[in-house]
Amino acid sequence: MGLGYVGLPTACILANSGVDVLGVDADPRVVEALRAGTAGTAEAEVGSLLQLALHSGRLRFATSPESCDAFIVAVPTPVHADHTADLRHVKDAVRSVAGVVEPGALVVLESTVPPGTVKSLVVPELLASQHWSKLLVAHCPERVLPGATLLELVNNDRVIGGIDQRSAERAAELYSIFVRGEIHLTDLTTAEMVKVMENTFRDVNIALANEFAKLAERIGVDVWEAIRLANNHPRVNILRPGPGVGGHCVAVDPWFLVAIDPERSTVVRSARDVNDGMPRYVVERLLEEIAGDSGHVALLGLAYRAELGDTRESPSLEIHRLLNERGVDVRAHDPLVAGKVGSVVNHPLADALSGAAAVLIATDHRAFVNLEPSAVADVVRSTTVFDARGCLDRERWEREGFRVVTLGRVAASDD
Ligand code: SAJ
């Protein structure tokens with residue numbers, strides 16, 4: 001149920017492991033495309049796996065479920081504008097399962113949800129089924145990193161919580177068909193909490209790195225050097241500062257914890273605020289650098305993370321908006337993003353750079369790390385580069401006459 005970046009690869013991998021799979025998505029366009037063998041924006045390896053699965057005859061697609069032995073629900077769980085979870089898709093999917101489920105079937109929720117959701121939403125929806133007492137229900141949250149989906153789908157450990165031991169064990173049997181990592185059994189709410197804690201840990205760690213970057217700028221320390229040295233300590237692992245946290249998980253899931261009790265989640269909450277404040281911080285720093293120049297900014301990177309074409313919750317889009325709000329023209333470019341993102345035009349690289357008053361590196365795609373500074377120098381109007389990812393070889397750029405400004409690194413004399 002749900003043929004997105006988790007559901008589709010899971011369906012393909014199960015089919016290729018010899019299981020008969022019905023892939024269900026409420027969107028008929030998705031179903032039609034998949035029947036024709038088109039995997040949309042999925043990673044290339046998922047596309048190949050889809051071809052294999054379709055040829056095996058074990059994978060079919062439909063817009064609604066049929067009776068079967070096990071249901072895996074992997075639909076999106078975004079947040080509303082007020083940061084509360086939007087569980088509409090989970091509810092719809094489970095409701096349609098309740099309509100076809102038969103005694104002995106297993107229902108697994110993979111979507112990331114606020115702790116307590118299986119008991120408060122999934123179970124009540126399934127209670128509508130006449131076979132409720134004979135159903136098995138579990139939560140097995142997905143853990144794959146976009147960009148490395150297949151590798152992580154197979155190799156990562158999984159955490160499974162069941163409404164009872166039998167449910168957890170049945171789910172473990174299902175996942176052990178393709179998971180090579182260890183499968184850990186626990187109760188429902190613990191499994192839900194574990195998943196949200198994982199992404200929150202990352203968010204808080206990144207917020208700390210961002211805070212270190214801002215403090216380092218105050219005292220003329222290069223935060224990248226400082227983090228590298230601190231991480232030499234066997235029990236320290238600080239993540240990387242950057243222009244903000246994007247994607248549909250790390251920037252979203254911590255709110256599920258805040259909702260439990262805002263007074264008890266002040267660390268989680270302020271990490272969210274620090275990371276959400278980074279696009280504005282980067283814009284203010286950039287504006288100081290280009291003060292008085294009326295030229296446009298070349299914004300390199302629209303994706304939320306390196307080597308992905310995914311722009312969901314991307315800090316680059318917020319940077320674009322804030323620069324426009326301050327009256328600065330922006331020409332964005334991202335080689336991995338197809339076409340426009342909302343109203344943001346994805347210009348060819350040459351157009352973005354041509355005549356630019358500054359170049360802002362917002363995503364650390366290899367294509368940007370490998371840019372040839374002398375070629376960039378030939379077309380820009382001013383040789384200021386703002387590196388918000390700390391990814392450029394500064395000396396190489398400086399040799400070509402660039403003034404490289406890096407987030408988290410300000411010479412003390414500039415203060
Ligand atoms: N980021 C930084 N600095 C860093 C690392 C990341 O600024 O050092 C930024 C990225 O640029 C990006 C955002 O954080 O904008 C999130 O990126 P990410 O690499 O932390 O991960 P996601 O959101 O692509 O995937 C995460 C993963 N969770 C963990 O690593 C704990 C993945 O395993 C989950 O399956 C996924 O969320 C999910 O779907 O929940």
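This report describes the domains, the ligand site and one helix of a predicted protein model.

## Domain arrangement

The protein chain is divided into two domains: domain 1 covers residues 7-187, and domain 2 covers residues 278-414. Between the C-alpha centres of domain 1 and domain 2 the distance is 39 Å.

Both domains take part in the surroundings of the ligand. Domain 1 supplies at least three residues to the shell around the ligand, and domain 2 likewise supplies at least three.

## The ligand and its shell

The ligand is surrounded by 21 residues. The closest of these are Y5, E142, K195, R202 and Y304. Sorted by class, the shell holds ten nonpolar residues, eight charged residues and three polar residues. The space that the ligand takes is the second largest pocket.

## Polar atoms facing the ligand

Oxygen atoms of the ligand lie at short listed distances from polar atoms of E142, R143 and G246. For E142, a polar side-chain atom is 2.5 Å from an oxygen atom of the ligand. In the case of R143, the backbone provides the polar atom, and 3.0 Å separates this atom from an oxygen atom of the ligand. G246 also approaches through its backbone, with an N or O atom 2.8 Å from an oxygen atom of the ligand.

The protein covers much of the ligand surface: taken alone, the ligand exposes 770 Å², and the protein buries 90% of that area.

## The ends of helix 2

Helix 2 spans residues 28-35. Its N-terminal end is capped by D27, which places a side-chain oxygen 2.9 Å from the backbone nitrogen of R29.

Beyond the other end, G37 lies just after helix 2. This glycine takes a positive phi of about 85 degrees.

Notes
Residues numbered from 1 in each chain as written. Predicted model: local features only at pLDDT ≥ 70, side-chain atom pairs only at ≥ 80, totals over all residues. Heavy atoms only, no water. Near = heavy atom within 4 Å. Polar contact = N/O pair within 3.5 Å; in protein donor to acceptor, adjacent residues only side chain to side chain. Areas by Shrake-Rupley, 256 points an atom, 1.4 Å probe, with all protein chains shown as cover. 1 Å grid on protein atoms, 1.4 Å probe; cavity = no way out; pocket = protein on both sides within 12 Å on 5 of 7 lines; lining within 4 Å. Sits in = over half its atoms within 2 Å of the grid points. Nonpolar A, V, L, I, M, F, W, Y, C, P; charged D, E, K, R; others polar. Domains from an automatic or database assignment. Helix = DSSP H or I, 4+ residues; strand = E, 2+ residues; numbered from the N terminus.
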